[in-house]
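Open the model in your viewer and keep the selection tool at hand. The tour moves from empty spaces to packed helices.

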Amino acid sequence: MSDILIETHGLKKYFKTPRGMLHAVDNVNIRINRGQTLGVVGESGCGKSTLGRVLLRLLESTEGEIIFDGKNVEKFNKAELKEYRKEAQMIFQDPYSSINPRLTVSQIIAEPLELFKTIPNKLDREDRVYELMETVGLAERFVNSFPHELDGGRRQRIGVARALALDPKFIVCDEPVSALDVSIQAQILNLLMDLQDKHGLTYMFITHDLSVVKHISDEIAVLYLGECVERAPSKELFANPVHPYTKALLKAIPVPSIHHKMSDSDIIEGEVTSPIEPKPGCRFASRCPYAKPECSTHQLNLKEIEKDHFVACTLYE
């Protein structure tokens, strides 16, 4: 059995717009080992959430391959895709809009069990709901509560419980803590890590918060306008960032000191280029202080500069 649970080869997702094709995900190659977490970071609009949805086939890809447990997800028929839904789940960013406000907590958590008929007996299904509530730290007294009666942290726990209901192998966590208070963020992150240790789960953790991704990830992929510009183990990326965009992101992490000041060289200048029909070359070139003429002329691919450390930049060609 391979150590790699899910990987992509040349994955693309384009959206048709009046001005041309929007390249939301463009030639992305990632891999996630079993029981590990890949953090995906980048600015808003860089294609992080789209990538997660394409991996689960909530959106159909434009081109490329998704290999899950040795099988090509893109070629699954309806029955195989339904089985894949059991193995791969998602925790959405907004815990309120991603759950049905007309259902109680128990009904929301039991919904996937009913849809997939994994536990036909109603009493057994109720036992499973209580078990899942206990797993994610939801008190039994909330079993008949509605989402609007709960705070954001408890709503997100409902989303986690629902994602766990079918015993998946892989979960896409789409900014699961960005809408929560800092203290609640820590609780949800620790819960996800505990569940990973207990059940051997594999995560793709999408976030724009680098301090969060450092805490939870084994490997990090940095996206910019749909392209992966750098990928490396978490410790290596923070210790030795090489792409100018990655360096700028790390310098933007707030430092809890009144004496710390960002220098002008730490600030990314220039306008974000349009992802609609982008020109060949590095999409960060217009904002990069090290840009050379060749940056805007030929397509860059990820190149391994050290063991498991990949970057797409002319500085390392």
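**Stop one: the cavity**

Searching the whole structure turns up one cavity of 30 Å³ or more. Keep in mind throughout that this is a predicted model. The largest cavity has a volume of about 70 Å³. To see its walls, select His 243, Pro 244, Cys 282, Ala 285, Cys 288, Tyr 290, Ala 291, Cys 295, Leu 300, Cys 313, Thr 314 and Leu 315, which line the largest cavity. Colour them by class: the lining of the largest cavity has 10 nonpolar residues, two polar and no charged.

**Stop two: the second largest pocket**

Keep Leu 300 selected and add Asn 27, Glu 227, Gln 299 and Asn 301; these five lie nearest the centre of the second largest pocket, which is lined by 20 residues. The volume of the second largest pocket is about 280 Å³. Which strand gives the most to this lining? Show β1 (4-17), β2 (20-28) and β11 (227-233), each of which supplies at least two residues of the lining. The most comes from β2, with four residues. By class, the lining of the second largest pocket has 10 nonpolar, six polar and four charged residues.

**Stop three: the largest pocket**

Now move to the largest pocket, with a volume of about 340 Å³. Select Arg 85, Gln 89, Phe 92, Pro 112 and Arg 162, the closest to its centre of the 15 residues that line the largest pocket. Two or more lining residues come from each of α2 (78-87), β7 (88-91), α3 (105-115) and α5. The lining of the largest pocket divides into 11 nonpolar residues, one polar and three charged.

**Stop four: α3 against α5**

Stay with two of the helices from the last stop. The axes of α3 and α5 come within 7 Å and cross at roughly 25 degrees. Angles under 35 degrees count as roughly parallel, and α3 and α5 are therefore roughly parallel to each other. Their crossing is right-handed. Show side chains for Val 105, Ile 108, Ile 109 and Pro 112 in α3, which meet Ile 158, Ala 161 and Arg 162 in α5. This contact of α3 with α5 has six nonpolar residues, no polar and one charged.

**Stop five: α3 against α4**

Leave α3 on screen and add helix α4 (residues 122-135). At what angle do the axes of α3 and α4 cross? The angle is roughly 115 degrees, and the axes come within 9 Å. The crossing of α3 and α4 is also described by its hand, which is right-handed. Select Val 105, Ser 106, Ile 109, Ala 110, Leu 113 and Glu 114 in α3, then Arg 125, Arg 128, Val 129, Leu 132 and Met 133 in α4, to see where the two helices meet. By class, this contact of α3 with α4 has seven nonpolar, one polar and three charged residues.

**Stop six: α5 against α6**

Finish with helix α5 (residues 152-164) and helix α6 (residues 182-199), whose axes are 10 Å apart and pack at an angle of about 15 degrees. That angle makes α5 roughly parallel to α6. The crossing of α5 and α6 is right-handed. On the α5 side, select Gly 153, Gln 156, Arg 157, Val 160 and Leu 164; they meet Ile 184, Gln 187, Ile 188, Leu 191, Leu 192 and Leu 195 in α6. The residues of this contact of α5 with α6 are seven nonpolar, three polar and one charged.

Key
Residues numbered from 1 in each chain as written. Predicted model: local features only at pLDDT ≥ 70, side-chain atom pairs only at ≥ 80, totals over all residues. Heavy atoms only, no water. Axes fitted to C-alpha atoms, helices over the stretch in contact; angles between N-to-C directions. Parallel < 35°, antiparallel > 145°, perpendicular 65-115°, else oblique. Left-handed = near helix turned anticlockwise from the far one by under 90°. Contact = heavy atoms within 4.5 Å. Nonpolar A, V, L, I, M, F, W, Y, C, P; charged D, E, K, R; others polar. 1 Å grid on protein atoms, 1.4 Å probe; cavity = no way out; pocket = protein on both sides within 12 Å on 5 of 7 lines; lining within 4 Å. Points joined across faces, edges and corners; volume = space filled by probe spheres on them.
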